[in-house]
Amino acid sequence: MAISRRSLLAATVFGTAGSVVPAAAQQAPRSEPARALGQLGLEATHFGLRPGSADDQSRPLQNALAEAARRGAPLLLPPGRYRVSNVILPEGSRLVGVPGATQLVAAQAGPLLIARRIKRTALTGLSLDGLDIRASERAGLVAAEEVLELTLNECEFANAGSVGLVLTRTAGRIQASRFRSMRESALFSLDSRGLSIEGNQIEDCGNNGIQIWRSQAGDDQSLIRGNRINRIRSDSGGDGPNGNGISLFRAGGVIIESNSLRDCALTFIRNNSGSTVQIIGNQGKRCGETALYSEFAFEGAIISGNLLEDCAMGINVTNLDHGGRLAVVANNIISNAQKGYAPKGKEPVGGMGVHVEAEAAVTGNVVENASDVGISLGWSWAMRNLVATGNIVRKTGIGISVSLVPKERNALIANNVIADAKLGAVLGTEYGTIVTGDLTQGADKRATGIRVENNAVS
């Protein structure tokens, strides 16, 4: 019979029939409660926890955690179902279960586990089920506040009445875990002290997947890497706060890298007012509005190496009127940006591959099959210091559009390959209306300040 690594670990830790239990555990007197099992930790059943009991087991779990933390040992929670609520995680606590087999379920509305103002705590191999009991806004199945090092590994969050994991002024690592069926979002962080969110699976959330927010704009330094995020709805509606796979608000210095996103109601990744943010190497298919956003009061964004398919719009770097500026949009592939109605939207949106507004370089991108515009430079008066070079634009309405509304303009459109642009390769516009001929065919006095050169058009 084949023995998996998980089953071998469970047998070793919990001494199931036929397993090899460390010698120290075999020699421990069973009559002495809470005896350490070798170097592995304390077994929670010695403190009165009973797998499968219908009773609320919050108190015995609280007592067991306190004793284990006092001894500096992990608390081992055997397979089974335990009803708990509002259990406080003490300083240095480590709660360990068997992945997929140790289940904590909500005894009432509110958090199952809480950590407040401690240096460190760790959760491993636990399944937490909120039973879809409605909870107040941004109430988590696990809530951590002012924790310097939270480690969460191989855990599962399900059926949260609001949010799976809520973090406030907390740092740490969230990895190799699964979040599913949340009424609001999988993870909400406010004023992070630096989080690593890596290798998780998130699916079927009511409004957002991962939210990294700050009460005031600042350097967040979170890393969001290698997560799979699928089926994010926008149950509460709105034109931006909901429907996002990954949402940043005022969070600067964040790196969002190598995530896979599918079927987000509005946006795969939305950066609202976060400066010096990098959005690199992500893949997204099917969203109802703009695939990648950097908007409002941000300064500095690199959006590079992403592959985006089947969205109303590809990449939007916008809101110069609120200070949005300073961006590089490079080496992305964008296909099938088709104007349409976003979920609960009242007017059609999108139809553009890439849109930028101020101090932005658009280079090395491939845009194919954008219904309206391949690359849009500026909108209305919001147009300043723009570059579009070395891009491939194919099968669009307008290949590259440039706004001619501002009196002072500075843009370079050079060395691009533009094919099958039905309305023209490079056109000047005012409020979206074409006002020039094709600028690749000759200069137009209405387009002063716009340099168009060395483009290949077919």
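A residue is called buried when its relative accessible area is under 20%. In the predicted model described here, Phe188 has a relative accessible area of 5% and is therefore buried. This residue serves below as an entry point to an aromatic cluster, after an account of the chain as a whole.

The protein chain contains 3 helices and 39 strands. Along the principal axes, its C-alpha atoms fill a box of roughly 95 × 45 × 35 Å. Of its 458 residues, 55% count as buried. Among contacts in the chain with a separation of 6 or more, 61% are made by residues 24 or more positions apart. The accessible surface amounts to about 18800 Å², and carbon and sulfur atoms contribute 49% of that surface. The side chains include 46 positive and 42 negative ones, and the centres of these two sets are 5 Å apart.

A search for aromatic pairs across the whole structure returned 3. In one of them, the ring centres of Phe188 and Trp213 are 5.6 Å apart and the ring planes meet at 65°, so the arrangement is edge-to-face. Because Phe188 belongs to strand β14 (residues 185–190) and Trp213 to strand β17 (residues 208–219), the pair ties together parts that are 25 residues apart in sequence. Ring pairs also bring in Phe249, so that Phe188, Trp213 and Phe249 are linked into a cluster.

Trp213 has a relative accessibility of 17% and therefore counts as buried, since the limit for that class is under 20%. Beyond its neighbours within four places in sequence, Trp213 is in contact with Arg138, Phe188, Ser189, Leu190, Asp191, Ser247, Leu248 and Phe249. For one of these residues, Leu248, the C-alpha atom lies 5.7 Å from that of Trp213, although the two residues are 35 apart in sequence.

Ser189, which is also located in strand β14, has a relative accessibility of 0% and counts as buried. When neighbours within four places in sequence are set aside, the contacts of Ser189 are with Leu167, Leu195, Gln211, Ile212 and Trp213. Trp213 thus touches both Phe188 and Ser189.

A second serine, Ser376, is placed in strand β32 (residues 366–377). With a relative accessibility of 2%, Ser376 is classed as buried. Its side chain makes a polar contact of 2.8 Å with the side chain of His355. His355 is also one of the residues that Ser376 touches outside the four nearest places in sequence, the others being Met352, Val354, Val356 and Ser401.

Leu49 provides an example from outside the strands, as this residue lies in the loop between β1 (42–43) and α3 (58–71). Its relative accessibility of 3% places Leu49 among the buried residues. Apart from residues up to four places away in sequence, Leu49 touches Ala44, Gln57, Pro60, Leu61, Ala64, Leu77 and Tyr82. Of these, Pro60 is 11 residues from Leu49 along the chain, and the C-alpha atoms of the two are separated by 6.0 Å.

Terms used: Residues are numbered from 1 along each chain as its sequence is written. This is a predicted model: local features need pLDDT of at least 70, side-chain atom pairs count only at pLDDT 80 or more; totals for chains, interfaces and linings use all residues. Side-chain values use heavy atoms; hydrogens and water are left out. Helices (H or I, at least four residues) and strands (E, at least two) are DSSP runs, numbered from the N terminus. Buried means under 20% relative accessible area, exposed over 50%, partly exposed in between (1.4 Å probe, protein chains only). A polar contact is a pair of N or O atoms within 3.5 Å; within protein, one must be able to donate a hydrogen and the other to accept it, and residues adjacent in sequence count only if both atoms are side-chain atoms. Contact means heavy atoms within 4.5 Å. Rings of Phe, Tyr and Trp (its six-membered ring) pair if their centres lie within 6.5 Å; planes under 30 degrees apart count as stacked, over 60 as edge-to-face and the rest as tilted. Accessible areas come from the Shrake-Rupley method with a 1.4 Å probe; for residues, only the protein chains shown count as cover. Lys and Arg count as positive and Asp and Glu as negative; His and the chain ends are not counted. The place of a charge is taken as NZ of Lys, CZ of Arg, CG of Asp or CD of Glu.
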